[in-house]
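Trainee: I would like to learn how to read a model feature by feature. Where do we begin?

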Amino acid sequence: MKTGVTWAQLAEAVGKPPAWTTAALLGQHPMGKDEAATAAALLELGDGAALAFQLQPPRGALDATVPVDPTI
């Protein structure tokens, strides 16, 4: 990463497992407000990114024609 922050460091900072954090930051599920703010600050991205991290992503956004998992 440009900032030198690792996925493991991001996960530790937001208080979630690395797989959960990575998936959230890659747009597969939303983060809570505090988690999003922490991640955006560490990545030096600002408030717009923090807000984007909190949004519910559209399901099936990974080239699958039919969503394969429900949003719970």
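Mentor: We go from the overall fold to the core, and then to single residues. Keep in mind that this is a predicted model.

Trainee: How many helices and strands does the chain have?

Mentor: Begin with the secondary structure and its order along the chain. Here there are four helices and zero strands, and from the N terminus on the elements run α-α-α-α.

Trainee: What share of the residues counts as buried?

Mentor: Burial is read from the relative accessible area of each residue. Of the 72 residues in this chain, 25% count as buried. The accessible surface of the chain is about 4900 Å², with 60% of that belonging to carbon and sulfur atoms. As for contacts with a separation of 6 or more, 35% of them are between residues 24 or more positions apart.

Trainee: Which residues of the largest nonpolar core touch the most other members?

Mentor: For a core, ask who its members are and which elements supply them. This core has 13 residues, and those touching the most other members are L10, L25, M31, A36, A39, A40 and F53. Two or more residues each come from α1 (7-14), α2, α3 (33-42) and α4 (47-54). M31 serves as an example: beyond its neighbours within four places in sequence, M31 contacts V14, W20, A24, L25, A36, A39, F53 and Q54.

Trainee: Is T21 buried or exposed?

Mentor: Compare the relative accessible area with the cut-off for buried, which is under 20%. T21 has a value of 0%, so T21 is buried. Its place is helix α2, residues 18-25. Outside its neighbours within four places in sequence, T21 is in contact with L10, A11, V14 and K16.

Trainee: And what about A23, where does that residue lie?

Mentor: A23 is in helix α2 as well. A23 has a relative accessibility of 23%, and therefore counts as partly exposed. Apart from neighbours within four places in sequence, its contacts are Q28 and H29.

Trainee: How many salt bridges does the structure hold?

Mentor: The general idea is that side chains of opposite charge can pair when their charged atoms come close. This structure holds one salt bridge. In it the side chains of E35 and K16 meet, at 3.7 Å from N to O. The pair links distant parts of the chain, with E35 in helix α3 and K16 in the loop between α1 and α2, 19 residues apart.

Trainee: What is the relative accessibility of E35, and what is the relative accessible area of K16?

Mentor: Take the two partners separately. E35 is at 16%, so E35 counts as buried. K16 has 32%, and is therefore partly exposed.

Trainee: Over the face of which residue does K16 lie?

Mentor: A charge and a ring are read from the distance to the ring centre and the position over the face. K16 lies over the face of W20, at 5.1 Å from the ring centre.

Trainee: How many aromatic pairs are there?

Mentor: A pair of aromatic rings is described by the distance of the centres and the angle of the planes. In this model the count comes to zero aromatic pairs.

Trainee: One backbone item remains. What is phi of E44 near?

Mentor: For phi, look at the sign and the residue type. Phi of E44 is near 55°, which is a positive value in a residue other than glycine. E44 is placed in the loop between α3 and α4. With a relative accessible area of 67%, against a cut-off for exposed of over 50%, E44 is exposed.

Conventions: Residues are numbered from 1 along each chain as its sequence is written. This is a predicted model: local features need pLDDT of at least 70, side-chain atom pairs count only at pLDDT 80 or more; totals for chains, interfaces and linings use all residues. Side-chain values use heavy atoms; hydrogens and water are left out. Buried means under 20% relative accessible area, exposed over 50%, partly exposed in between (1.4 Å probe, protein chains only). Contact means heavy atoms within 4.5 Å. A nonpolar core is a set of buried Ala, Val, Leu, Ile, Met, Phe, Trp, Tyr and Cys residues joined through side-chain atoms within 4.5 Å. A salt bridge is a side-chain nitrogen of Lys or Arg within 4 Å of a carboxyl oxygen of Asp or Glu. Accessible areas come from the Shrake-Rupley method with a 1.4 Å probe; for residues, only the protein chains shown count as cover. Rings of Phe, Tyr and Trp (its six-membered ring) pair if their centres lie within 6.5 Å; planes under 30 degrees apart count as stacked, over 60 as edge-to-face and the rest as tilted. A charge sits over a ring if NZ of Lys or CZ of Arg is within 6 Å of the ring centre and within 35 degrees of the ring normal.
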